[in-house]
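Reader: I would like to know what stands behind the terms used for this structure. Please set each value against its definition.

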Amino acid sequence: MAKSAMLRAFGRVWLKPLTFWALATPALWLGWQWSALLMGGVHALGFNPIETTHRFLGDTALRILLISLAITPFRDLTRWLPIMKIRRRVGLAAFWYAVLHLAAYLGLDLYLAANMSIAGMFAGLWNDVVERIYITLGMIGFLIFIPLSVTSFNSMVRRLGAKVWQRLHYSVYPLGVIAVFHYGFMVKGNQLGPWIHGGVLLALLAWRGWSICKSSPRPAASMQSGS
Amino acid sequence: MITRKPFNWQLPDREITPKNRFMNRREIMRAGGALGVLGLAGCGVGESAAAHTELPDVAGMGYRETSYTVDDPSTPLEAVTGYNNFYEFGTSKSDPARYAHAMSTDPWFIEVEGHAAQTGRYALADMIDYSALEERVYRLRCVEAWSMVIPWVGVPLADVLRQFEPTEDARYVQFISNSNPAEMRGVRSRVLDWPYKEGLRMDEAMNELAFLAVGLYGETLPNQNGAPIRLVVPWKYGYKSAKSIVKIKFVSEEPVTSWKQSAPREYGFYSNVNPNRSHPRWSQASERVIGGGVFARRETDMFNGYSEQVAHMYDGMDLIENH
């Protein structure tokens, strides 16, 4: 009894702030490493800090996206409903890491490669989107992500209505698939990383498919997070 | 050997051989003399004498400075030995430095096969003339659009290949890298079709720039850089420079090369550094300079800046088609 009371208190008081700080930690760490690097101190960014930054932000965005997709299965398995209060927050964090990922690629690569010309930077972006399949996929994924992030606020959920909102947010599944392929086409050779992330995504999608087939839809439960 | 520097008698400090090392070197040379200087003379097909299997220490050898150098500063040693693509030890850039120590390089044998008069299995010290080492400071351009400048120590590839007396049918030469899952953890996953294979057209292999390195920064080649012997082909993308070579094959047809086999649309046989051919993954127009400051970039040169020495080999060839 005391245990479940504590769990309830945790869900009510601590869950959201802790989630926020957990999600912010990778960005804070990266910022700390970059300030150490620029001030000539000891840092963990290696000999190619720009490449490390791209990899780190991309990995983090994809992993947080996978975590956001794991929240509903987690609820179904544990029947701990308060977890739903952080689902949108986690998804939104994935979007912010994708924004940083794109910004780093624009600023640390294309802008410098174009000798610091903004027009050249966007010309480089278009060139990459047209020529490089992994960047084409990355940009498509990012465009899909934008409507999801701007509708993640309570006011937007209310304005759209639960049904329309839910339907719009189903595009998180193709987004996940695109993100994994973006990763897979980026690496050289047949590497393990994309297969592992793809495997996790596949398991999460299979869970959804199986839940739908069982046909016990709980539209109310999925939307009751009145944060 | 180190005194053969007619116009510059002042040796840099690193070229002055410590006395104990020098004495050690004389012993090795004496042993070499007893067996015929290169150990190859009269060998024919067969195995070379076991006396030469001990791996020479490059730091104890003198080496000649040559005019093959570049204006830009050399990449710091920590970066050269800490940031490597050597997928046999893992796909992360820091994996080779972390795991390559597990590879045993002593003794080291190289099998020579195919269209040549002298074939067989040779100990490294029988194949490389350690009394003729020279230092060459070359640019290294990775296909991933980053670059380094590295002072290698070694011998021209042509000098080594000529010893085997390749026949007219030897139109290409293939290099096969070590692949031992017990010591090279990356080989346990099929990132590529192991062992790693590379190749050159015969005229490319005999070009003055093609080099076999046994050391860098005046020391024996560290494992993560392809010990004990690796190719250095500075006008081509880094992956052409096969590491830890265990087999050399003289062949008449274009040999299989690992990256082309893995993704033919992306990696061709020639793989000459070419800023005009945009790779499906990376623009090749410019490159990040490793160790040159966080934001350091430079424009990529055709043939990585070695047009003068190599461009003639590709006269009349479409280098976009034959990428």
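**Terms and values**

Author: Chain B and chain A bury about 2,200 Å² between them, and 52% of that is on carbon and sulfur atoms. This is a predicted model, in which local features need pLDDT of at least 70 and side-chain atom pairs count only at pLDDT 80 or more, while totals for chains, interfaces and linings use all residues. Residues are numbered from 1 along each chain as its sequence is written, chains are lettered from A and ligands numbered from 1 in the order in which they are written, and side-chain values use heavy atoms, with hydrogens and water left out.

Reader: What makes an area "buried" between chain B and chain A?

Author: Buried area is the accessible area (1.4 Å probe) that two parts lose on being put together, summed over both. The figure of about 2,200 Å² is therefore a sum over chain B and chain A. Within chain B, Arg281(B), Arg288(B) and Val294(B) lose the most area to chain A, together 30% of what that side buries.

Reader: How many residues does each chain bring to the contact?

Author: Chain B brings 30 residues and chain A brings 24, where contact means heavy atoms within 4.5 Å. On the side of chain B that touches chain A, 13 residues are nonpolar, nine polar and eight charged. Here Ala, Val, Leu, Ile, Met, Phe, Trp, Tyr, Cys and Pro count as nonpolar, Asp, Glu, Lys and Arg as charged, and the others, Gly among them, as polar.

Reader: Why is the pair Arg288(B) and Asp109(A) called a salt bridge?

Author: The term asks for a side-chain nitrogen of Lys or Arg within 4 Å of a carboxyl oxygen of Asp or Glu. The closest N and O atoms of Arg288(B) and Asp109(A) are 3.0 Å apart, so the pair qualifies. Between chain B and chain A the count is four salt bridges.

Reader: What makes H2 and H9 of chain A helices, and how do their axes cross?

Author: Helices (H or I, at least four residues) and strands (E, at least two) are DSSP runs, numbered from the N terminus. H2(A) covers residues 49-78 and H9(A) residues 192-214, so both runs meet the minimum for a helix. Their axes come within 10 Å and cross at roughly 35 degrees; axes are lines fitted to C-alpha atoms, for helices over the stretch in contact, and angles run from 0 to 180 degrees between N-to-C directions. The residues of this contact divide into 10 nonpolar, three polar and three charged. Chain A has 10 helices and zero strands.

Reader: Why is the crossing of H2(A) and H9(A) given a hand, and which one is it?

Author: H2(A) passes H9(A) in a left-handed crossing. A crossing is left-handed if the near helix is turned anticlockwise from the far one by less than a right angle, and right-handed if clockwise.

Reader: What is unusual in the backbone of chain B?

Author: Most residues other than glycine have a negative phi, and most peptide bonds are trans. The bond from Asp106(B) to Pro107(B) is cis, with omega near 5 degrees, and Pro107(B) lies in the loop between helix H3 (95-99) and strand S3 (109-114) of chain B. The bond from Ala227(B) to Pro228(B) is also cis, with omega near -5 degrees. Ser271(B), in the loop between H7 and S13 of chain B, has a positive phi, near 55 degrees.
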